[in-house]
Structure formats: C-alpha cells, structure tokens
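Q: Please take a close look at one part of this model and at what packs around it. Keep the cut-offs explicit.

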Amino acid sequence: HEMHEAIRALRRRPEDTRGRIDTKARGAKDPVIAGTRIPIRSIKDFAESGFTVAHIAEQYPSLTEADIQAALAYKLAA
C-alpha cells in the first residue's frame, strides 16, 4: 500500500504547473504542458481536427482546462 501511495505522489503535478507551458523541459525538444511530457503540438493538432476543449480533456485526463487553453494560446515557432 505504501508503494502505491508513493507512486501516486510522484505522478501528481504541482499546482503551480497548471496552465503553464514549459519551453525547456528536460528531454523535450518542443514546448510541453508544464509538469507533463505532452507536447503543445499534440493539443493544437486535436483542436485543428475539430476537437473541443472538453474532447481534448477526455483524451488527456491529466490536463486541466487551463492547461489546454494555455496550449491553444501558445504561439509555436514556424
């Protein structure tokens, strides 16, 4: 039981990462949602395919609406 709780604790994102973009994530060559490895490009691709914020959240249940909105607002380099 203690091991499972320790794993859950490691998976929790700090509150201060929600709704933020990380452009210097270790191991990521492209910007990601802060506290995750989810690339901004993936969120934008879903939106460009017609997915709503709610539908994107279904695909990425660990993201908040603020995370998705931040990704959609972020300007990717051309």
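A: What follows starts from one helix and works outward.

The model is predicted; local features need pLDDT of at least 70, side-chain atom pairs count only at pLDDT 80 or more, and totals for chains, interfaces and linings use all residues. Residues are numbered from 1 along each chain as its sequence is written, and side-chain values use heavy atoms, with hydrogens and water left out.

First, the setting. The protein has four helices and two strands. Both kinds of element are DSSP runs, numbered from the N terminus: helices are H or I with at least four residues, strands are E with at least two. Their order from the N terminus is α-β-β-α-α-α. Of the 78 residues, 24% are buried. Buried means under 20% relative accessible area, exposed means over 50%, and partly exposed lies in between (1.4 Å probe, protein chains only).

Now the helix itself. Helix α4 spans residues 65-73, and its buried residues are D67, I68, A70 and A71. Seen down the axis of α4, they fall within an arc of 160°, so they line one face of the helix. That arc is taken over the directions from the helix axis to the C-beta atoms. The face turned away from the buried side carries the exposed residues E65 and A73. The cover over the buried residues of α4 includes β1 (21-22), β2 (32-33), α2 (40-48) and α3 (53-59).

D67 sits in α4. D67 is buried, at a relative accessible area of 0%. Its side chain makes a polar contact, reaching the backbone nitrogen of T64 at 2.8 Å. A polar contact is a pair of N or O atoms within 3.5 Å; within protein, one must be able to donate a hydrogen and the other to accept it, and residues adjacent in sequence count only if both atoms are side-chain atoms.

I68 and A71 belong to the largest nonpolar core, with I33, I38, I40, I43, I56, Y60 and L63, nine residues in all. Two elements, α2 and α4, give two or more residues to this core. Such a core is a set of buried Ala, Val, Leu, Ile, Met, Phe, Trp, Tyr and Cys residues joined through side-chain atoms within 4.5 Å. In soluble globular proteins, nonpolar side chains tend to be buried together.

Follow Y60 out of that core. Y60 is buried at 19%. Beyond its neighbours within four places in sequence, Y60 is in contact (heavy atoms within 4.5 Å) with I38, S42, I43 and F46. F46 is partly exposed at 22%. The rings of F46 and Y60 have their centres 5.8 Å apart and their planes at 90°, so the pair is edge-to-face. F46 lies in α2 and Y60 in the loop between α3 and α4, so the pair ties together parts 14 residues apart in sequence. F46, F51 and Y60 form one aromatic cluster. Rings of Phe, Tyr and Trp (its six-membered ring) pair if their centres lie within 6.5 Å; planes under 30 degrees apart are stacked, over 60 edge-to-face, and the rest tilted.

Two further core residues, I33 and I38, meet T36. T36 lies in the loop between β2 and α2. T36 is buried at 16%. Its side chain reaches the backbone oxygen of I33 at 2.8 Å. A polar atom of that side chain also lies 3.0 Å from the backbone nitrogen of I38.
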